[in-house]
Amino acid sequence: MRIVLLVGLLLALSASESLALPEEQAVARGKELKLSAHPQWLALLHYDRSFPLWGNRSRAESPDFFLSPNGKHDPEAELEATIRSFYREGAEDEHPVCIFRGRREWLSRFVPDLPERQCERFKTWLEAINPEGITLIFPASFLNNPASAFGHTFVRIDQPGQNESTRLLAYTADYAAKTAGEDALTYAIKGIFGGYTGYYSVSPYYEKVTTYSDLENRDIWEYELNYSKDEVLLLVLHLWELRGKGFSYFYFDENCSYHILGLLNVARPELMLSQSFQNWVIPSDTIREIVSREGLLKNSIYRPSAASKLRHKVELSNQQIQDVSLRLAKDASDEDSLDNLEAIDQALAIDLAYEYQTYLRIKEQDDGAERKDDAWKLLSMRSKISGADTKTPPAPTARPDEGHQTVMASVGGGVMNNSLIADYVFRPAFHALSDYQPGYVLGSQIKFFELGLRQIESKGIKLERFSLLNITSLTPRDRFFNSLSWHVEVAGRRVRQSKDEDFFAGDLSSGFGYSLELSPGVLGYLTVDGEALLGDGYRENYLIGIGPRAGVLANWANSHASELIAVSRLYHVGERTEIKFSHRYSLNKDRAIRLETSVNRELNYTNWESLLRFEYFFSP
Amino acid sequence: MKKILTVLAISLSIPAVSTADNVGGCGWGSKLFDGQKGIFPQVLAVTTNGTSGNQTFGITSGTSGCSQDGVVKSTWKTAAFVDGNMNRLALDISRGQGESLASLKTLLGVSASDSAVFDNTLQSQFSKIFTNSSVSSNSVLEGLKEVLASNPALAKYSVNL
């Protein structure tokens with residue numbers, strides 16, 4: 001038997017070598033068919049528009065992604081070099097035929113009988129991946145972690161016959177910048193200005209779920225896409241040729257989501273997914289784009305995070321069960337506290353206690369043996385109760401991609417101190433506290449580069465405010481969750497000293513405090529803020545102050561929300577008191593009318609205004 | 001000539017896969033409740049998702065020869081899964097239900113008719129599998145093997161571990 005196999009193998013080897021198309025013919029055919037201009041070829045090379053003057057170029061930065069020295073700029077040179085490389089001599093595993101499997105596969109559709117090799121290492125890998133379908137995975141944001149607000153995207157490669165019992169075993173392809181544990185500021189600067197190189201990586205889905213769902217407490221949404229098996233295969237073959245190759249990384253426009261779109265482009269380049277984003281790329285926007293394409297979304301699945309599961313159990317538990325859980329979470333040997341509960345309730349109490357204890361252990365970064373012993377005791381306790389089902393939270397009514405678009409522009413008019421005003425706002429990203437809520441985290445606000453212009457009667461338009469960033473995180477407290485609520489703002493605003501005197505001042509403020517859920521959809525909060533203002537209108541050119549801020553955010557329904565804010569500030573010279581009320585009515589998720597009215601007494605001058613704004617949300 | 005010799009060498013030396021190799025062979029050895037330190041939320045880390053994580057896809061071989069290029073070698077799949085999912089498996093087994101438990105059943109080839117017995121048996125034998133709060137994945141695999149072997153209906157699955 002072995003001899004037969006051996007002879008067969010030898011024959012096959014020699015056969016493939018002698019039947020290959022001669023090199024010059026292969027190259028000529030490629031030129032003749034103008035393959036280098038084909039969108040699929042450009043997708044395989046990750047070519048995309050760059051700054052208008054620079055022309056089209058590849059996003060790959062590793063020189064060994066290219067076979068031609070000009071590969072980054074010249075798709076034609078790269079095509080010829082690729083074909084020629086297949087004819088080279090060389091060691092098996094690192095031979096171009098075995099590395100550039102995606103290119104070879106696609107080229108063979110037009111240029112028959114290209115040289116082939118055994119490529120065992122690649123075959124082993126492909127067998128393990130076992131591709132049939134593609135699901136786009138979206139870890140959404142988590143409350144109190146605005147860094148996660150924009151979300152993240154990566155893909156999972158689904159296997160034949162996959163179901164809810166085997167999803168975890170599939171492999172994923174992800175894109176991330178390779179960092180070296182720098183401090184947060186260096187990290188931010190390098191990330192924004194391209195100081196990092198990004199790489200694609202492959203890992204089992206269960207690893208991702210542990211990281212995002214269990215450790216980072218992020219809900220995960222799985223979007224099953226309608227790519228054909230052949231399209232998926234080409235994507236996976238291409239993924240193999242991305243192994244260890246560095247690509248660009250720019251936080252705003254060439255980030256993880258951009259490069260995942262680049263991967264999807266290979267499956268079906270005519271969708272031109274990454275080309276739909278000419279400016280910046282927000283992960284949730286990429287999901288919106290994909291979902292908007294006819295027939296591309298097959299199905300969506302919600303995977304609640306550890307915190308969401310915990311919160312759901314808290315909601316299901318009455319006072320008694322909560323009491324028992326809290327006791328058990330603190331001291332697992334307090335088994336007697338379970339005695340008064342029915343078996344079903346005992347299971348819920350232990351489940352809640354265990355999940356809460358785990359949540360705390362992770363949050364407090366407590367690696368101690370005592371906490372681990374307690375956790376183990378709780379699991380042992382639970383294992384003695386059979387037949388009790390664990391409840392999972394239902395999916396939220398809106399998916400993240402069903403939320404409002406991220407760019408906002410508004411036109412408003414009203415009155416300010418007896419003068420008529422027109423007010424214009426432009427905000428590139430992302431979500432204000434009282435904006436249309438579905439798809440966003442309640443209590444989380446992120447504003448980037450918000451620009452406000454105001455025109456008073458017949459006078460000219462002046463800069464009213466500019467907010468570089470404004471981040472607010474209101475996390476309601478209860479018996480189980482007691483995180484701090486906070487906000488930070490780096491901005492500038494117009495300060496009015498009298499009817500005709502005003503100046504523009506830099507405004508930095510930050511506050512910490514607590515919030516409570518007063519009733520479903522209604523948050524109340526109280527923070528203590530510190531503020532620093534810089535402007536030439538102040539006697540000493542600056543002002544510093546501190547004071548409380550109280551507010552209520554009420555979502556009466558999806559279409560109606562109100563916000564009331566009261567601020568009191570004591571500056572080193574002077575004081576300020578402001579009360580502001582705003583009501584938003586949404587015609588649909590992307591169109592809203594907002595009524596705003598406020599009174600601001602600052603440095604002995606009282607300014608009152610009332611406006612009606614028309615807000616439009618659209619994609620970047 | 002060189003090619004023929006290489007081919008000969010490969011074809012004559014295909015190793016036999018021993019199931020005993022799965023236990024203790026790869027030596028990842030993670031412990032229960034390990035690695036749960038979590039990621040501290042950062043205000044300024046707006047460029048998150050740039051994880052400095054393992055480049056599990058590079059040109060070089062993966063950890064201890066049990067995975068390569070980001071994928072786990074098929075003979076190690078179950079061991080790797082248990083090693084990478086200790087916490088979730090412990091939770092699911094203590095409850096007698098869950099996705100990680102279902103995935104384990106898939107890896108072991110448990111039939112639909114044996115599924116309920118599998119869940120109940122593992123749940124009731126929880127402390128034989130997860131013996132203490134810092135049990136290693138190797139012990140868990142051995143414990144699982146013993147529990148399955150000592151149950152007539154499930155003994156046939158113990159060889160897949």
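**Buried salt bridges and packing in a predicted two-chain model**

At 5% relative accessibility, A:Glu615 counts as buried. In this predicted model, the side chain of A:Glu615 meets that of A:Arg594 in a salt bridge, with 2.8 Å from N to O. The pair links distant parts of the chain. A:Arg594 sits in strand E21 of chain A and A:Glu615 in strand E22, 21 residues apart. A:Arg594 is buried too, with a relative accessible area of 5%.

Strands E21 and E22 also contribute to a nonpolar surface patch. The patch consists of A:Phe426, A:Leu595, A:Leu612, A:Phe614, A:Tyr616 and A:Phe618. Together these residues offer about 510 Å² of accessible area. Strand E22 (residues 605–618) supplies the largest share, 4 residues. A:Leu595 belongs to strand E21 (residues 591–602). Its relative accessible area is 39%, so A:Leu595 is partly exposed, falling between the 20% and 50% cut-offs.

Across all chains, the structure holds 59 salt bridges. One of them joins A:Arg465 to A:Glu489, with the closest N and O atoms 3.2 Å apart. This pair, too, links distant parts of the chain. A:Arg465 lies in strand E14 (residues 461–473) and A:Glu489 in strand E15 (residues 485–496), 24 residues apart. The two partners differ in burial: A:Arg465 is partly exposed at 28%, whereas A:Glu489 is buried at 11%.

A salt bridge also connects the side chains of A:Glu531 and A:Arg493, at 3.7 Å from N to O. A:Glu531 is in strand E17 (residues 522–534) and A:Arg493 in strand E15, 38 residues apart. A:Glu531 is buried, with 5% relative accessibility. A:Arg493 is buried as well, with a relative accessible area of 9%. Both residues take part in a network of salt bridges. The other members are A:Asp507, A:Asp529, A:Arg549, A:Arg569, A:Arg576, A:Glu578 and A:Glu602.

Chain A as a whole contains 16 helices and 22 strands. Its C-alpha atoms fill a box of roughly 95 × 75 × 40 Å along the principal axes. Of its 620 residues, 55% are buried. Among contacts with a separation of 6 or more, 63% involve residues 24 or more positions apart. The accessible surface is about 26400 Å², and carbon and sulfur atoms account for 56% of it. Chain A carries 68 positive and 85 negative side chains. The centres of the two sets lie 2 Å apart.

Elsewhere in chain A, A:Glu254 occupies the loop between strand E8 (246–249) and helix H11 (256–267). At 6% relative accessibility, A:Glu254 is buried. Leaving aside residues up to four places away in sequence, A:Glu254 touches A:Arg59, A:Ser248, A:Tyr249 and A:His259. A:Leu378 is 124 residues from A:Glu254 in sequence and 45 Å away, C-alpha to C-alpha.

Chain B has 7 helices and 2 strands, arranged along the sequence as α-β-β-α-α-α-α-α-α. Buried residues account for 47% of its 161 residues. Its accessible surface comes to about 7400 Å², with 59% from carbon and sulfur atoms.

Helix H2 of chain B (residues 77–84) is largely enclosed by the rest of the structure, because 6 of its 8 residues are buried. The buried residues are B:Thr78, B:Ala79, B:Ala80, B:Phe81, B:Val82 and B:Asp83. Their cover includes elements of both chains. Chain A provides helix H9 (205–215). Chain B provides strand E2 (71–72) and helices H3 (86–95), H4 (99–108) and H7 (137–149).

Notes: Residues are numbered from 1 along each chain as its sequence is written. Chains are lettered from A and ligands numbered from 1 in the order in which they are written. This is a predicted model: local features need pLDDT of at least 70, side-chain atom pairs count only at pLDDT 80 or more; totals for chains, interfaces and linings use all residues. Side-chain values use heavy atoms; hydrogens and water are left out. Buried means under 20% relative accessible area, exposed over 50%, partly exposed in between (1.4 Å probe, protein chains only). Contact means heavy atoms within 4.5 Å. Accessible areas come from the Shrake-Rupley method with a 1.4 Å probe; for residues, only the protein chains shown count as cover. Lys and Arg count as positive and Asp and Glu as negative; His and the chain ends are not counted. The place of a charge is taken as NZ of Lys, CZ of Arg, CG of Asp or CD of Glu. Patches are made of residues with over 30% relative accessible area and no salt bridge: like charges are joined within 9 Å, nonpolar side chains (Val, Leu, Ile, Met, Phe, Trp, Tyr) within 5 Å. A salt bridge is a side-chain nitrogen of Lys or Arg within 4 Å of a carboxyl oxygen of Asp or Glu.
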